[in-house]
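Me: I have a structure open and would like to go through it with you. Can we start with the overall picture and then move to the details?

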Amino acid sequence: DEVARLYHTSERAHKDFPGVPPLTRYVIAIARYLQHPMKEYAALGRDITSISFDPNQNLIPQEKLVKYLENAMVETVNMVGVNIEDAIYEPYTANLLPYVCGLGPRKAAHLVKTINQNGGEITTREDLVGDVDANKKQAVGPKVWTNCASFLYIPYDEADPAFDYLDNTRIHPEDYDIARKMAAD
């Protein structure tokens, strides 16, 4: 319950749930942690160093500890992936975006802002690079897209032919043809 203890008296808790008693915010934090621990750790930011993961962690410098905890978050977030639609509409999920390979805090914020400017809807991973003909701004550059594309999921909608079912997988868009050929064989 260390995450809940950090949250219930934090400024973020007061902003998220104004007028709610601290005990209720504490219970909310526990429920959120049980639903998705990674989102809670990501939302903590640098306050994550307040949590004791090892009894000897206070023996290493604070900056080194932050660096290794952030590296662990990057590995874990990239192992699981992030639903880009959820990240656009839920700031709580958007806290995971800075830990996606190729992104960081600044590029993640720009990504969400640009997608919202483009109408708030994304149908394929290629939409992240933008489309001049469709008047869609570029959310990420080509190099960043190459790094982050396979870690961002786009839910598949059978009703809309614009959606690609491979966008909801870990397969990189550059390998879609290979995946289709393997499935056909």
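**Contacts, cores and cavities**

Reply: In this protein, residues 24 or more positions apart account for 52% of the contacts with a separation of 6 or more. Keep in mind that the model is predicted.

Me: What does the secondary structure come to?

Reply: The protein has 10 helices and 2 strands. Starting at the N terminus, the order of elements is α-α-α-α-α-β-α-α-α-α-β-α.

Me: And what does the C-alpha trace span along its principal axes?

Reply: About 50 × 40 × 30 Å. Of the 185 residues in the protein, 39% are buried.

Me: How many residues are in the largest nonpolar core, and which have the most contacts inside it?

Reply: That core has 36 residues, and I84, L97, V100, L111 and L152 have the most contacts inside it. Two or more residues each come from helix 4, helix 5 (62-80), helix 6 (84-89), helix 8 and helix 9 (142-148).

Me: Take I84. What does it touch, leaving out residues up to four places away in sequence?

Reply: I84 touches L97, L111, I115, I122, L152, Y153 and I154.

Me: Which residues does the second, separate core include?

Reply: The second core has 5 residues, among them A4, A13, Y26 and A29.

Me: Back to helix 4. How many of its residues are buried?

Reply: 7 of the 8 residues of helix 4 are buried, so this helix is largely enclosed by the rest of the structure. The buried ones are M38, K39, E40, Y41, A42, A43 and L44.

Me: Two charged side chains in that list, then. What do the buried residues of helix 4 pack against?

Reply: They pack against helix 1 (2-8), helix 2 (11-16), helix 3 (22-35), helix 5 and helix 7.

Me: Which residue follows helix 4, and what is its phi?

Reply: G45 follows helix 4, and its phi is positive, near 65°. G45 also belongs to the lining of the largest cavity, together with R46, I48, V66, E70, M73 and Y99.

Me: What is the volume of that cavity?

Reply: The largest cavity has a volume of about 40 Å³. Its lining divides into 4 nonpolar, 1 polar and 2 charged residues.

Me: How many cavities of 30 Å³ or more are there in the whole structure?

Reply: There are 2. The second largest holds about 30 Å³ of space, and its lining consists of I115, N118, E121, I122, D127 and K136. That lining has 2 nonpolar, 1 polar and 3 charged residues.

Me: Now pockets. How much space lies in the largest one?

Reply: About 230 Å³. The largest pocket is lined by 14 residues, of which A94, N95, P98, Y99 and P105 are the closest to its centre. Helix 4 (37-44), helix 7 (91-94) and helix 8 (105-117) each give two or more residues to the lining.

Me: Which helix gives the most to that lining?

Reply: Helix 8, with 4 residues.

Me: How do the lining residues of the largest pocket divide by type?

Reply: There are 11 nonpolar, 2 polar and 1 charged.

Me: Next, cysteines. How many disulfides are there?

Reply: The count is 0. C101 is in no disulfide, and the nearest cysteine sulfur, in C148, is 9.2 Å away.

Me: Why is there no bond from C148 to C101?

Reply: Because the two sulfurs are 9.2 Å apart, which is too far for a bond. The cut-off for a disulfide is 2.5 Å between the sulfur atoms.

Me: Are these two cysteines buried or exposed, or in between?

Reply: C148 is buried, with a relative accessible area of 0%. C101 is partly exposed, at 30%.

Me: Last one: L65. Where does it lie?

Reply: L65 lies in helix 5. L65 is buried, with a relative accessible area of 8%.

Me: What does L65 touch, again not counting residues up to four places away?

Reply: T49, Q57 and I60.

Me: And how far is L65 from D175? What is the separation of the C-alpha atoms?

Reply: The C-alpha atoms of L65 and D175 are separated by 36 Å, and the two residues are 110 residues apart along the chain.

Definitions and conventions: Residues are numbered from 1 along each chain as its sequence is written. This is a predicted model: local features need pLDDT of at least 70, side-chain atom pairs count only at pLDDT 80 or more; totals for chains, interfaces and linings use all residues. Side-chain values use heavy atoms; hydrogens and water are left out. On a 1 Å grid over the protein atoms alone, a cavity is a set of points where a 1.4 Å probe fits but cannot get out, and a pocket is an open set with protein on both sides within 12 Å along at least five of seven lines; lining residues have an atom within 4 Å of a point. Grid points are joined across faces, edges and corners, and a volume is the space filled by probe spheres set on the points. Ala, Val, Leu, Ile, Met, Phe, Trp, Tyr, Cys and Pro count as nonpolar, Asp, Glu, Lys and Arg as charged, and the others, Gly among them, as polar. A nonpolar core is a set of buried Ala, Val, Leu, Ile, Met, Phe, Trp, Tyr and Cys residues joined through side-chain atoms within 4.5 Å. Buried means under 20% relative accessible area, exposed over 50%, partly exposed in between (1.4 Å probe, protein chains only). Contact means heavy atoms within 4.5 Å.
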